[in-house]
Amino acid sequence: MKILIAASEAFPFCKTGGLADVTGALSQVFSRTEGTEVVLFLPRYRNVGGGAFSLKAAGGSFLIPMGNHVETATMSRVQWGKVAVYFIENPKYFDRPGMYRSAAGDFEDNDERFIFFSRAVLEGAKFIGFKPDIIHCHDWQTGLVPAYLRTLSRLDSFFSKTASVFTVHNIAYQGMFPKETLLKAGFSWQDFTPERLEYYGGINFMKAGLIFADLITTVSPTYAGEIQYRAEFGHGMDGVLRHRASDLFGILNGIDDEIWDPATDTFLERGYELKSFRRGKAASKKALQKELGLEENKDTVLAGVVSRLDSQKGLDVLLNAAPEFLDKMQFVVLGQGDPGLSDAFSALSAANPRRAAFKVGFNESLAHRIYAGADIFVMPSRFEPCGLPQMISMRYGALPLVTRTGGLKDTVFYNGEPKDSNGFAIDDADEGQLRSVLGHIISLYAWKENWNMMVRNAMSGDYSWSKSAEAYLKLFNIAAQRRQL
Ligand code: ADP
Ligand code: GLC
C-alpha cells in the first residue's frame, strides 16, 4: 500500500505541539509495516534542514494556480529511515519566523499558505510519480486535500484510486476564512453550499476535510463522542460530524517509545527503568531541583507541567490553586503561549524562587528532565483530543493529574484504589476539585507503598503505537477498497 502523509508539522523536522509527534511517529511506524511505501510531505519552514538532516533539491519546479496568479513550488527531499520526506518550498509563504503565527497573531495569509501547500502536495505526488492508495491528512491545514481530490482532481486519472483519510487532532482550530478565499483556492461557486464548502458565509478548511474525506478519524475514542454529541466540544462541527458518524473513528494516539524511554534518554544524567525507578527518579528529581534553583528536598512533591499556554490546558486553574500548596509542593512549569499566563507564572516563580520555577519557551531537553524529575504531572485540560504528556509522564513514572475528558479519560485511571490507578483525575478544570486532589496527593505521597504501586502501574502501561497503527492500517484498507469499487 502506498501511503502519502500530508501534514503541516512532523517531529523531528518542525513542531509546535503533539500533532508533530503523531505525524512523525505514524510515518515511521507505517513505513516499517510490510508491504507499505510511505512518503511524507511538509512545508519547508525557515528552520527546516540542517542538523542531522541534509536536504537535497528534488530537481525541477511546478506551478500552483493561486486565484488570479500562479506561484512556483520547488521541493527538497531527505530519506528518513524508510520514509521519503518531501518539503514543499516557496520562500514567500514559508521562509519567515514562525509556522502559523507571529507575536501579532495568526499570519494573515494562512489561507493562501495552506491552499498552496495542499495543491502542491497533489502536484508534488505527480511530480515524483508516487500514486498513493491513501492520502492521510491532518487537521485544518491539510483539510483542502480531500476536497481537491473530490472536486478539481476528480477526473484526474492519476488519483482515480486514491482515497483520503482525514485525522482531526484538534477541532478548536478550523482554518476559517472569508468567501474570497474560495477564489484563491480555485473551487467553483457550485461547491459553495452548506453541504459542501460554505460555512457561515465563508470557507472552513476543517469542514472541507470532514465533508470530503473518505474516512475520518480523531485521536481518542472519548473525543470522537464528545465532538459529535456535546456542542461545546464540537465547535460548530458537531452537526457535520454526526452526519458522518458511520465514517468517524476514534483511534488513541501512542508515544514514540524510543524517543520517550527513561532507560536510554540521553537528556538525563542517569537513565532508569521500572526495576530501578526509585533511585533513578530520586536522582532525576534532585538534578532538576538543582538545575532550576529549587530547594533540593526529596520529600516535597514536585509537580511538573510541559505545555502550550492556552486556555484549553486549564493552567489558569493550577495557577490559582498553587499558592496555598507552596509549603508542601514544588511547581516546575515549562511552556509558551498566552502572555497573561506566562507573566503570571513568572510572577509566581519570582516571588517563590525555591518552590516554583517557570521557564518560558520551547525546550525539548528540559521537557525530558521534567518528565523524569517530577512526581506528578499536572494537566487539568478543559478539553483534550488525546494528550501525549500524560502518557509520557506515566512512562517516566510521574503520576498524571488530569481531567476526565478526551484522551485523558481513555488513558488515566483513578478510582481511589492505588492498585487500580495509574494517576489522578478530576471531573472538570475546577479549582475546588484541583485543590482537593492536590491535598490528597500530598498525604498519599508519604505512603510510599501505595505511591510506588501507582508508579509501577503507570510505568508498565503500553503507550506504544502498535495497536493504533494497526487500527489505522485497517481503516486505510477499507478506504482504499471503497475507491476500487
Ligand atoms: P498539544 O495540544 O499542545 O498538541 P499534546 O498533549 O498532544 O498537546 O502534546 C504536546 C507535545 O509538545 C508533547 O510532546 C510535549 O512534551 C511537547 N511540548 C509542549 N510544550 C512544550 C515546550 N514548551 N517545550 C518542549 N516541549 C513541549
Ligand atoms: C492536538 C491536541 C492533543 C493531541 C495532539 C496530537 O494538538 O490538542 O490533545 O494529543 O493534537 O494528536
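## Ligand 1 and its contacts

A polar backbone atom of Gly-361 sits 2.8 Å from a nitrogen atom of ligand 1. That makes a polar contact, meaning a pair of N or O atoms within 3.5 Å; within protein, one must be able to donate a hydrogen and the other to accept it, and residues adjacent in sequence count only if both atoms are side-chain atoms. Two side chains reach oxygen atoms of ligand 1: Tyr-371 has a polar atom at 2.7 Å, and Lys-313 has one at 2.8 Å. On its own ligand 1 has 570 Å² of accessible area, and the protein covers 93% of that (Shrake-Rupley method, 1.4 Å probe; for residues, only the protein chains shown count as cover).

This is a predicted model, where local features need pLDDT of at least 70 and side-chain atom pairs pLDDT 80 or more, while totals for chains, interfaces and linings use all residues. Residues are numbered from 1 along each chain as its sequence is written, chains are lettered from A and ligands numbered from 1 in the order in which they are written, and side-chain values use heavy atoms, leaving out hydrogens and water.

## What surrounds ligand 1

There are 19 residues around ligand 1, and Gly-18, Arg-308, Gly-361, Tyr-371 and Pro-389 come nearest (a residue is near if one of its heavy atoms lies within 4 Å). β15 (301-309) is among the elements that supply at least two residues of this shell, and β15 gives the most, with 3 residues. Helices here are DSSP runs of H or I with at least four residues, and strands are E runs of at least two, numbered from the N terminus.

Domain 1 (2-254 + 466-484) and domain 2 (274-459) both contribute to the shell, so ligand 1 lies between them; the domain bounds come from an automatic or database domain assignment.

## Ligand 2

Ligand 2 has 14 residues around it, with His-169, Asn-253, Glu-384, Cys-386 and Gly-387 the closest. An N or O atom in the His-169 side chain is 2.7 Å from an oxygen atom of ligand 2. Backbone atoms join in too: a polar one of Gly-387 is 2.8 Å from a ligand 2 oxygen, and an N or O of Cys-386 is 3.0 Å from one.

Helix α1 (residues 18-31) provides the largest share of the shell around ligand 2, 3 residues. Domains 1 and 2 both give residues to this shell, so ligand 2 lies between them.
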